[in-house]
Amino acid sequence: MSTPTLEKHSDALDAAESGASHLITVTLRIRRFNSEVSDEANWIDYQLDIDPKERVLDALHKVKWEIDGTLTFRRSCAHGICGSDAMRINGRNRLACKTLIKDINPEKPITVEPIKGLTVLKDLVVDMDPFFQAYRDVMPFLITKGNEPTRERLQSPEDRERFDDTTKCILCAACTSSCPVFWNDGQYFGPAAIVNAHRFIFDSRDEGGEQRLEILNDKDGVWRCRTTFNCTDACPRGIEVTKAIQEVKRALITRRF
Amino acid sequence: MQIHKYDTVIVGAGGAGMRAAIESTKRSRTAVLTKLYPTRSHTGAAQGGMAAALANVEEDNWEWHTFDTIKGGDYLVDQDAAEILAKEAIDAVLDLEKMGLPFNRTPQGTIDQRRFGGHTRNHGEAAVRRSCYASDRTGHMILQTLYQNCVKEGVEFFNEFYVLDLLLAEVDGVQKTAGVVAYELATGEIHVFQAKAVIFASGGTGKFFKVTSNAHTLTGDGQAVAYRRGLPLEDMEFFQFHPTGIWRMGILLTEGARGEGGILRNKDGERFMEKYAPVMKDLASRDVVSRAIYTEIREGRGCGPEGDHVYLDLTHLPPEQLDAKLPDITEFARTYLGIEPYTDPIPIQPTAHYAMGGIPTNVEGEVLSDNTTVVPGLYAAGEVACVSVHGANRLGTNSLLDINVFGRRAGIAAAEYSATTDYVQLPEDPASVVVAQVEGLRNSTGKERVSEIRNALQECMDKNVMVFRTEQTIKEAVEEIAHLRERYKNVSVQDKGKRFNTDLLEAIELGNLLDLAEVMAISALARKESRGGHYREDYPNRDDINFMRHTMAYREVGADGTESIRLDYKPVVQTRYQPMERKY
């Protein structure tokens, strides 16, 4: 095997490897709410020095660990796979752990607020129960009939590819809480639940598609979607959410999936 | 304070906890307590696959898998347990497929398999395709599939309930399981869960290191709770450093990248693993590869201005292959390093990844209070436990396997136990320890901050007990940890409230990390040999005569209240494989 000429570094690699961190001063403008202190939410500014290659989550930790321990937010994995830290950063839903300071114009105050449409419990923490209830309502599990085979069920790579995109969902709620229909009517299933229904409706092994489609044919189902593409823009996993919803709509009309 | 009553209580809702819950909910009234939401658990971060000798793409069998697991663990593996792991792997994978897991497929439609470190054909001849995978998000798919099936089975979850104590009660001279005590994060309320059986499945403890692939929430909670109740911790000196973490950040880049053909290179572009592992090369076991990387760095062949990392080179692989097989990790490189893995090598360094040790159990998941005695009603499975199927070094893809095989076993055993036994009476004032702990921290006026002590602990652990250890570095760690434990007594929190007090939560987590760091360092100091993930530069060879045995660490409290650690040892179960020199 040939040895690549590693001397020819790209500028991007050189930049990534430059050890020296140059700190910049940023203002984090955070929407704070704690019912134990006040009934009102308010914006509070925090100034901190941070390497622009760090994440917004790192900035939030700096505030919590060095300035104000009462700041409250959820987080776990810190690299975009657990879905804990969806929040509204500069007016857009993102994961704090997948958003680097340098990518969001640190010249101006960075606004951080909870995702919309779900009750705020404290600071950036919202009540996730309605979100998970909508998920559970679409029967998000494989439904099969008859006897189980001894070995695995067969599925061609093409059939597997059919629903690959929607298996990426991490249930962070960035999509659902970016949807204007969901903001106005919390009864709407929301994009994340539909994405997870899609994941099973288009799985060749599943035999519960009709049941799920009936659930989504409900007045609070897929027909509420106004195709604003907010969900697709918001998805930190790059799932084509609106496309998935459209595919479910089409399946409802044609009953083919 | 609320009191709840369940037959079976499961602590933790990652892979092991949910796999157990699926079994125990069918057989007993079960509650699952998790300090997160189930789908936030760190099982979801696992990438590369789950080992099982399905032989879908080439000849393979569970006996070879057993051997690889034992050799991978540098012969500290209990061989009866490894045999169960490898045998039951096949059904564990098939069960997940039937639950709906979207594995990648072969052209024939069966589950596809790929190569992984240390997994070989016919006892080390060459790499074998044994890892069943779903792109590079196998753990994510396992976590999602198990949660989906928990929804299907109607498993009862208590989300954001943090378990702070285990209740044991003496019945006829025997310590039996009575329940657990939990802190409800949303309200600050204390809950007592009376239970006939308790399963700990609360995950690892990697957060005592700074550069780690572990989530912020992996703070050894289950291990610490059990340890404080007088139960031993087994083999805590064995911690795995995964070779390919993103430089400085520690974010995991799957071994599957090397399984797909990725190559490690030093600053000269040399494929250095050829020197260290002539047969398996980049797919040698993780301890071997991590040591090789640090050897390259120490000898001046590291990359970058400070020569403190090496490269994971994927540039020779077709972009279509990267997109299909490794989409997440290539995206991590783009997001966090701003580089393009199609054309740039990825700067990496070993990252603290996995605790081989933990709460000792037998193969049914029953927790042991010494080398042989079972604690009736108490179970553990997954990373929190030590069966021991991983010995001194776990093979890649064997942890997703472990949580499924032993999660299932623990779930069945616990539920069957609860079906045939009565509740043990709760101790008087069952929440007293937890109330004292929580209120003590909330009301403390001490001047120490959680973040400062935690940073100091992480720096100390990275410096002294990482890939290379000596008596001197471990002693430094022991001293520093003792000092930090003193400082911790004066720790205080700024948030004095009841609702979602994560400031308080982090303080409790730090206490757990400090206890476990001390156990790790003391266990490492006493093990004067090198084996698997525990490498002593002052004792570079494996010493089967003196150290072919598991470490058992017990917390001792003297009459004057002083704490110390007592070490004991437990024999390794050997069945058919005699220890040999380990070469890859």
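This section describes the chains, domains, sheet and selected residues of a predicted model.

The domain assignment divides chain A into domain 1, residues 21–126, and domain 2, residues 129–254. The C-alpha centres of these two domains of chain A are 29 Å apart. Contacts between them involve 13 residues of domain 1 of chain A and 14 residues of domain 2 of chain A. On the side of domain 1 of chain A that touches domain 2 of chain A, β4(A) gives the most, with three residues. By class, that side of domain 1 of chain A has six nonpolar, four polar and three charged residues.

Chain B is likewise assigned a domain 1, here residues 241–351, and a domain 2, residues 432–541. The centres of domain 1 of chain B and domain 2 of chain B, taken over C-alpha atoms, are separated by 30 Å. Six residues of domain 1 of chain B are in contact with six residues of domain 2 of chain B. Helix α8 of chain B, residues 286–298, gives the most to the side of domain 1 of chain B that touches domain 2 of chain B, with four residues. The residues on that side of domain 1 of chain B divide into three nonpolar, one polar and two charged.

Between the chains, 49 residues of chain A are in contact with 57 residues of chain B. Four elements of chain A give two or more residues to the side that touches chain B: α1 (11–17), α2 (56–67), β6 (120–122) and α4 (157–162). The most comes from α1(A), with five residues. In terms of class, the side of chain A that touches chain B has 20 nonpolar, 16 polar and 13 charged residues.

An open sheet of five strands is found in chain A, with the order β2-β1-β5-β3-β4 and mixed pairing. Its edge strands, β2 (42–50) and β4 (92–95) of chain A, each pair on one side only. Direction ignored, neighbouring strands of the sheet are turned by 35° against each other on average. Helix α2(A) packs on this sheet and touches β1 (24–32), β2, β3 and β5 of chain A. The direction of α2(A) makes about 100° with that of β2(A). Thus α2(A) appears both in the packing on the sheet and among the elements on the side of chain A that touches chain B.

Both senses of pairing involve β5(A). Strand β3 (residues 86–89) and strand β5 (residues 110–113) of chain A pair in the antiparallel sense over two bridges. Within these strands, Arg88(A) stands opposite Glu113(A) in β5(A), and Ile89(A) stands opposite Val112(A) in β5(A). By contrast, β1(A) and β5(A) run parallel and are joined by three bridges. Arg29(A) stands opposite Thr111(A) in β5(A).

Three sites were examined for backbone geometry. Most residues other than glycine have a negative phi, and most peptide bonds are trans. Ala173(A), although not a glycine, has a positive phi of about 75°. Ala173(A) lies in the loop between α4 and α5 (180–184) of chain A, and counts as buried because 26 other C-beta atoms are within 10 Å. Phe500(B), also not a glycine, has a positive phi of about 40°. The location of Phe500(B) is the loop between α14 (471–488) and α15 (502–526) of chain B. Phe500(B) has 25 C-beta neighbours inside 10 Å and is therefore buried. The third site is a cis peptide bond joining Val387(B) and Ser388(B), with omega about 10°. Ser388(B) is in the loop between β18 (385–386) and α11 (398–419) of chain B.

Tyr584(B) lies in the segment after β20 (563–571) of chain B. Tyr584(B) is buried because 21 other C-beta atoms lie within 10 Å, the cut-off for burial being 20 or more. Outside its neighbours within four places in sequence, Tyr584(B) is in contact with Ala277(B), Val279(B), Met280(B), Ala284(B), Ser285(B) and Val288(B). The C-alpha atoms of Tyr584(B) and Met273(B) are separated by 10 Å, while the two residues are 311 residues apart along the chain.

Terms used. Residues numbered from 1 in each chain as written. Chains lettered and ligands numbered in written order. Predicted model: local features only at pLDDT ≥ 70, side-chain atom pairs only at ≥ 80, totals over all residues. Contact = placed C-beta atoms within 7 Å. Nonpolar A, V, L, I, M, F, W, Y, C, P; charged D, E, K, R; others polar. Domains from an automatic or database assignment. Buried ≥ 20, exposed ≤ 12 C-beta atoms within 10 Å, placed from the backbone. Pairing = 2+ DSSP bridges. Axes fitted to C-alpha atoms, helices over the stretch in contact; angles between N-to-C directions.
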